[in-house]
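User: I am new to this structure and would like to go through its side-chain contacts. Could we begin with the charged ones?

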Amino acid sequence: MSKPAYFVLEIAIHDEEGMKPYLENVGATIAAYSVEPLANGGKIVPLEGEAPNGKVVMLKFDSMDDARSWYASPAYQEVLKHRLAAADNRAYFVEGL
């Protein structure tokens, strides 16, 4: 049985208009995967160190292979360029238990 994988994105948008193509199309890129949204903004309560600048997005994938496949897919890569240009980002995968 494979372990779940979590996509974590810390994002501070600096160009709302430039971000629109990403926001309008990113949902379609995950439709082919079993994904559970876990967080999309919301209150951040820092406990140790500083909180991320902006908001945090978290998605749960069935496996690291699925998560990597989604991120590398042509559909996601096409919309990703808009997020990278319109926001300061820090993104990573975390393997679950």
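Analyst: Lys20 is a suitable starting point: its relative accessibility is 40%, so Lys20 counts as partly exposed (buried is under 20% relative accessible area, exposed over 50%, partly exposed in between, with a 1.4 Å probe and protein chains only). Please note that this is a predicted model, in which local features need pLDDT of at least 70, side-chain atom pairs count only at pLDDT 80 or more, and totals for chains, interfaces and linings use all residues. Residues are numbered from 1 along each chain as its sequence is written, and side-chain values use heavy atoms, with hydrogens and water left out.

User: Which side chain does Lys20 meet in a salt bridge?

Analyst: Its partner is Glu17, at 3.2 Å from N to O. A salt bridge here is a side-chain nitrogen of Lys or Arg within 4 Å of a carboxyl oxygen of Asp or Glu.

User: Is Glu17 buried or exposed?

Analyst: Glu17 has a relative accessible area of 55% and is therefore exposed.

User: How many residues apart are Lys20 and Glu17 in the helix?

Analyst: They are three residues apart in helix α1 (residues 16-30), so about one helical turn separates them. Helices (H or I, at least four residues) and strands (E, at least two) are DSSP runs, numbered from the N terminus.

User: How many salt bridges are found in the whole structure?

Analyst: The search finds two. Besides the bridge just described, Lys81 pairs with Glu78, and their closest N and O atoms are 2.8 Å apart. These residues lie three apart in helix α3 (residues 74-86), which means that about one helical turn lies between them. Lys81 is partly exposed at 46%, and Glu78 is partly exposed at 45%.

User: Turning to the rings, how many aromatic pairs are there?

Analyst: There are ten in the whole structure. Rings of Phe, Tyr and Trp (its six-membered ring) pair if their centres lie within 6.5 Å; planes under 30 degrees apart are stacked, over 60 edge-to-face, and the rest tilted. Phe61 and Trp70 form a tilted pair, at 5.3 Å between centres and 35° between planes. Both of these residues are buried.

User: What about Tyr71 and Phe93?

Analyst: Their ring centres are 6.1 Å apart and their planes meet at 85°, so this pair is edge-to-face. Tyr71 belongs to helix α2 (residues 64-72) and Phe93 to strand β4 (residues 87-95), so the pair ties together parts that are 22 residues apart in sequence.

User: Which residues form the aromatic cluster?

Analyst: Phe7, Tyr22, Tyr33, Phe61, Trp70, Tyr71, Tyr76 and Phe93 form one cluster.
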